[in-house]
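The following explanation goes through the strands and helices of one chain, beginning with a pair of strands. Please have the structure open while reading.

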Amino acid sequence: MVDSAAKNVEKVYDQWGKDYDEFMPWEEKFRNESNYYMQIFRQNNVKKVHDAGCGTGRHALYFAQAGYEVTGSDISSGMLQKAEERVKAAGYQINWVHSSFQELADKVDKRYDCLFSGGTALAHILDEEELLIALNSIREVLVPGGILITDNINGELKAKKGLSIGPLEVPEGPEGQDSDKLWLRVLNTNWPIINYNVVTMEKIDGKWGMVVKTFDLRGDIHVLLRKLLPKAGFEIISDEPNSDYGGTSSSYQLKHGEPRGVFVARRI
Ligand SMILES: C[S@@+](CC[C@H](N)C(=O)[O-])C[C@H]1O[C@@H](n2cnc3c(N)ncnc32)[C@H](O)[C@@H]1O
């Protein structure tokens, strides 16, 4: 894929891979979400899972630890590298594929019972036609009757307004409270696009510096998916515009008040 939005996404996440995990209370967030997703896996007799837009591989690792056969893919080699390191260190085996959603059908031979895509990854596709290409590609890598689970920001519910800044945060992890690093998010909405900026301030050798990572999201992704999933050959079996992950919603969700839409859809 060559469009400039995708190129920017790849570049931003390639750089972000090394410290991406400092930006959220991942352990709690992922434990809650992953338990919820695994419940859906059990209900749908899922054995083989593909985590697309897998980032640093947190969900993928949880799924592998729970005994699922897992493949992870991402457009960013920097994120995949981090994912690979994490999974190796934990002693698990996951196959990794460097691929966009749109190219998946060309890049993987296997067929999966479930394609999972968390962390608002699909919302990075800004163009409606590209999103349809991505969904068609996802359908191709599922077995007939296989399911897609996708979790994305729901801007319809919250981010339709203009500028939103903060709160100021310290990185997660053991070094968090003592670190010379602070960050905040700055969102500027030009509906339906949410311009998402992660502003990091870090003191290195006594001097404060600032780095801004910036990318765009489709704020209306949940509504778009509702329209496009049937066009791409999916039957929507669950549509949650403001998911609480089966009642396990983590403090991250409450703290940031960023509503998340979750779909479960079946390949017809
Ligand atoms: C916010 S991160 C979420 C990562 C992970 N799923 C999580 O829950 O932490 C979004 C991820 O989507 C990936 N991504 C964005 N656009 C993509 C595309 N068109 N195809 C595949 N991956 C994409 C990015 O590289 C990044 O790793």
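In this predicted model, strand β6 and strand β7 (residues 181–190) are joined by 3 bridges and run antiparallel. Within this pairing, Leu163 has Asn188 of β7 opposite it. Strands of a sheet pair through backbone hydrogen bonds, and the pairing can be parallel or antiparallel.

The two strands belong to an open sheet of 4 strands, ordered β6-β7-β8-β9, with antiparallel pairing. The edges are taken by β6 (163–165) and β9 (207–218); each has a single partner strand, so one side of each is left without a neighbour in the sheet. On average, and with direction ignored, neighbouring strands here are turned by 15° against each other.

A further open sheet is built from 7 strands in the order β3-β2-β1-β4-β5-β11-β10, and its pairing is mixed. Its edge strands are β3 (95–98) and β10 (234–240), each of which pairs on one side only. The average turn between neighbouring strands of this sheet is 20°, again with direction ignored.

At the β3 end of that order, strand β2 (residues 69–74) runs parallel to β3, and 4 bridges join the two. One residue position can be picked out in this pair: Asp74 stands opposite His98 in β3. Helix α4 packs on the sheet and touches both β2 and β3. The direction of α4 makes about 170° with that of β3.

Helix α4 also has a helix partner. How do the axes of α3 and α4 cross? Helix α3 (residues 58–65) and helix α4 (residues 77–89) have axes that come within 9 Å and cross at roughly 30°. Angles under 35 degrees count as roughly parallel, and the crossing angle therefore makes α3 roughly parallel to α4. The crossing of the two helices is right-handed.

Which residues make this contact? From α3 come Ala60, Leu61 and Ala64, and from α4 come Ala83, Arg86 and Val87. Sorted by class, the contact of α3 with α4 has 5 nonpolar residues, no polar ones and 1 charged residue. Arg counts as charged, whereas Ala, Val and Leu count as nonpolar, so the charged residue in this contact is Arg86 of α4.

Taken together, α4 is in contact with α3 through Ala83, Arg86 and Val87, and α4 also packs on the sheet at β2 and β3.

Methods: Residues numbered from 1 in each chain as written. Predicted model: local features only at pLDDT ≥ 70, side-chain atom pairs only at ≥ 80, totals over all residues. Axes fitted to C-alpha atoms, helices over the stretch in contact; angles between N-to-C directions. Parallel < 35°, antiparallel > 145°, perpendicular 65-115°, else oblique. Left-handed = near helix turned anticlockwise from the far one by under 90°. Contact = placed C-beta atoms within 7 Å. Pairing = 2+ DSSP bridges.
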